[in-house]
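Reader: Hi! Could you walk me through this one with me looking at the picture?
Author: Happy to, just ask away.
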Amino acid sequence: MLFRSLNNPNEKLVELVFAAKTAKQLGVHHLTLVAPYLAYMRQDIAFVPGEVVSQRIIGDLLAALFDGVITLDPHLHRVASLQEAVPVKNAINISAAPILGDLVVQKRKNPFLIGPDEESAQWVAQAAVAHHLDYAVATKTRLGDRSVDIALPLIDVKGRAAVLLDDIASSGHTLARAAELLLAAGASSVDVAVTHALFDSQAEVLIKKAGVGQVWSTDCIAHKSNAVSVMPAIAQALLTLS
Ligand code: R5P
C-alpha cells in the first residue's frame, strides 16, 4: 500500500509512478494507493472542444499503476462512481460527511447545516439526517475560477448557528459568499466544515472577512484547520480489501 494525499500533486504523481513501478518490479502483486485527497478529479468533461479532461487522464494513469484506490469525497460530479473515474479492481470512495457531522454536533448546539451548492446536497443530507438537524442547500453559479454567485433557498436562519458543509475549500469564494448571505439573513454565527482544506494563499483571509467563525477540516490534507481524523475510516476500508 502506498499512502500519499495528492494536494500539490505534480511532483507527487511522478514519485508515485516511480514507486509503484518499482514495487511491481520487486514482486508486489497487489498494490493499493491510499490518497485521502485525489487531485484533478474536478475537470470531468471538456467544457469547450479540445479542453483537457484531467479526471480521465489521471484516472487512467493511476489505474495503470495500482490495483486499488482508496480516497475520500473525490468530487465525482457528472461521474457515477469512483471506479468510472479510476478504473481499478478495488475503488473505494469514503464519505467524510458522517465524520464532519459528528464533529459539528460536538462543536455547536442545534446547528443549521447548509450546503453551498447542489453538489454538496449528498453530504449535507447525510450528516443532517444522522443527527436530526435542519439543513438546506443553496444554488451556485460559477462565473469564473474566483467568482461565484450563490442564492440561498427560502429558509429561516435568524438566530441560528449555521454551519457550511462542503467537500473542498479552494479559493474560498464559495464559502465566503455563502457566509455573507447567511449572516445577512440573520444567522447568529457561520462556521465551516470541509473534507479537503486545499485553501490557496488568499482563501482563509477571504473566508474570515466574510464573517466565518471557525473553520474545521479533516486531515485528508494536512492544514492548521484539521479538527478530525479520517484515518480510522481509511483503516476500516483497508480491512475490506481482498
Ligand atoms: C465545487 O463545486 C466544490 O464542491 C466546491 O464548492 C468548490 O470546489 C470550492 O471552490 P472554491 O473554494 O474555489 O470556491
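Reader: What is 2.6 Å from an oxygen atom of the ligand in the side chain of Glu-119?
Author: That is an N or O atom of the Glu-119 side chain; a polar contact here is a pair of N or O atoms within 3.5 Å. Asp-167 also has a side-chain N or O atom 2.6 Å from a ligand oxygen, and for Lys-140 the value is 3.1 Å.
Reader: And how much of the ligand does the protein bury?
Author: The protein buries 95% of the 370 Å² that the ligand exposes when taken alone. Those accessible areas come from the Shrake-Rupley method with a 1.4 Å probe.
Reader: Quick check, where do these numbers come from?
Author: This is a predicted model, where local features need pLDDT of at least 70 and side-chain atom pairs count only at pLDDT 80 or more, while totals for chains, interfaces and linings use all residues. Residues are numbered from 1 along each chain as its sequence is written, and side-chain values use heavy atoms, with hydrogens and water left out.
Reader: Cool. Which residues come nearest to the ligand?
Author: Of the 15 residues around the ligand, the nearest are Glu-119, Asp-166, Asp-167, Ser-171 and Thr-174; being around it takes a heavy atom within 4 Å.
Reader: How many of the shell residues are nonpolar, polar or charged?
Author: Two are nonpolar, six polar and seven charged. Asp, Glu, Lys and Arg count as charged, Ala, Val, Leu, Ile, Met, Phe, Trp, Tyr, Cys and Pro as nonpolar, and the others, Gly among them, as polar.
Reader: Which element gives the most to that shell?
Author: β9 does, with four residues. β7 (139-144), β9 (161-169) and α6 (173-184) each supply at least two. Strands (E, at least two residues) and helices (H or I, at least four) are DSSP runs, numbered from the N terminus.
Reader: Switching topic: what does β7 pair with?
Author: β7 pairs with β8 (residues 147-151), antiparallel, over five bridges; pairing takes at least two bridges found by DSSP. Thr-141 has Asp-149 in β8 as its bridge partner, and a hairpin joins β7 to β8 through two residues.
Reader: In what order do the strands of the open sheet run?
Author: The order of its four strands is β1-β2-β3-β4, with parallel pairing. At the edges are β1 (2-3) and β4 (90-94), each pairing on one side only.

Definitions and conventions
A polar contact is a pair of N or O atoms within 3.5 Å; within protein, one must be able to donate a hydrogen and the other to accept it, and residues adjacent in sequence count only if both atoms are side-chain atoms.
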